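Here's a friendly walk through a model you may be meeting for the first time. Have a look at it, then read on.

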Amino acid sequence: MSLSSLQHITYALADAMLAGPPEPDGMVERMALVSGEAADRMNGLARLVAKRFGTRWDIVGSKELSTVVAGMPGFVAAWRSEPPPRVVRVLMRPPFQRPHPPWLRDVALPQLPTLGDLAAWLAVEPDELHWFADRWRVPAHSAATPLHHYSYKAIEKRDGRCRIIEIPKSRLRALQRKVLLGLLDRIPAHDSAHGFRRGRNIVMFATPHVAKAVVMRFDLTDFFASVHAGCVYSAIHALGYPQAVARALTALCTNRVPSGRLLAPDVRDRIDWQERQRYRNRHLPQGAPTSPALPNLCAFRLDLRLAGLARTVGATYTRYADDLAFSGDEDLARMADRLSLRVAAIAIEEGFAVNLRKTRVMRRGARQHLAGVVVNSHANIAQPEFDALKAVLTNCVRHGPCSQNREDHADFCAHLTGRVAHVAMVNAARGAKLRALLDRIEWVGRPCPHKPSFHS
């Protein structure tokens, strides 16, 4: 017999042992069913396997056990005898979900050992699940067909380039919301992460850096597109979900933009080659409800390592989506260049990239700001931003809101309400002044429909 036959038998015996609990008598019985006969050597093998692997039976694989089988002296002797061992039937381990990691011991996550369980949890038929999670169904060059689950919109950046918003269609979006609310929202992020988390905001992101000698800000390039499908799969699989279920969940939450869309006139010359490659590979689509939560899960190791780096240099670290912030005393200011290199290296190792052009080292004598929050002495809104918004509101009161809606916002009232709410979150006193002006605006003879929810 060939070496491949030997490997086939060792794997078959390993699968037989894994097809039930790690009790020696049960393992011997299953191995006898697979080989067609019982042998004394199986007793010693079963006892050895139970002793060595019994405490972690749920995470042991057939490859690991097959190595033990092949290394047993009794098995080697049997293989050299006539006739050698053979396989008369195959026993496979039934689908199961591995235990959650210890840090999720108190988190109630859905039990989804099979694709059927996943389909039932999502309230779709198995064929529908396959339809939505089929990763290679649509040709990569097709720009738009009825088979696509996404529509695309190019948004212009400040530098004239563009960002592609990938908008899932209604049925896929409904499934993604189920994944978000029933699974992803239950997984705690690293304590340094403040973006896309309930109870966290930009003020909490910026406040730890108030009144520091130096504040350093880093920006991660193409944050959502940088989180590729492999990273998402690894993160979901690490939660204990079987490979098939983790692959299906990954496919539901990732997308690749068709080449035809990337070569369209409104996009072709406004993204570079690297961005185009990120969009062509499966990644987190900016526009899907699951995309804000998954980066925190996929960036857990990044946060862990950067928080550890901050501790070693006596600094403070926080992250808000793609914004990384470090702050500290004069010692940190002196090592700013070395820290920048180390942060960039860690980011690359974790699958991200720092946009070095947007790195800022802000010392105490200049304005220190993070995500629009000034942190020199206390969390505050920048004076020019406050003055500009106050002027817009004042002119709305005097001349009507239509005179100030220069960017043609479809709901100018909602736009202003959101901006005032942002100021109030950072500085309550300044927010109250702007709120009083907002209340005085006449909206074509009717009050702003967003004011009641704003005051609640």
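**Around helix 12**

Let's start with what packs over helix 12: its buried residues are covered by, among others, helix 6 (115-122), helix 7 (126-133), strand 1 (150-156), helix 8 (170-182), helix 11 (229-237) and helix 15 (293-298). Covering here goes by contact, meaning heavy atoms within 4.5 Å. Helices (H or I, at least four residues) and strands (E, at least two) are DSSP runs, numbered from the N terminus. Buried means under 20% relative accessible area, while exposed is over 50% and partly exposed lies in between, using a 1.4 Å probe and protein chains only.

Before going further, keep in mind that this is a predicted model, where local features need pLDDT of at least 70 and side-chain atom pairs count only at pLDDT 80 or more, while totals for chains, interfaces and linings use all residues. Residues are numbered from 1 along each chain as its sequence is written, and side-chain values use heavy atoms, with hydrogens and water left out.

Back to helix 12 (residues 243-253): eight of its eleven residues are buried, so the rest of the structure largely encloses it. Those residues are Val245, Ala246, Ala248, Leu249, Thr250, Ala251, Leu252 and Cys253.

Strand 1, one of the elements covering helix 12, also has a partner of its own. Seven bridges pair it with strand 2 (residues 162-168) in the antiparallel sense; two strands pair if DSSP finds at least two bridges between them. Across this pairing, Lys153 stands opposite Ile165 in strand 2. The hairpin has five residues between the strands, and Gly160 takes a positive phi near 90° there.

Further along the chain, there's another sheet to find. It is open, with three strands in the order 7-8-9 and antiparallel pairing. Strand 7 (369-370) and strand 9 (380-381) are the edges, each pairing on one side only. Strand 7 is joined to strand 8 (residues 373-374) by two bridges, and His369 stands opposite Val374 in strand 8.

Now for a charged residue: Arg276, in helix 14 (residues 273-280). Arg276 is buried yet has no salt bridge, with the nearest side chain of opposite charge, Asp269, 6.1 Å away. A salt bridge needs a side-chain nitrogen of Lys or Arg within 4 Å of a carboxyl oxygen of Asp or Glu.

What about the cysteines? The structure holds zero disulfides, a disulfide being a pair of cysteine sulfur atoms within 2.5 Å. The sulfur of Cys231 is 3.4 Å from its closest cysteine sulfur, in Cys298, which is too far for a bond.

Note on methods
Lys, Arg positive; Asp, Glu negative; His and termini not counted.
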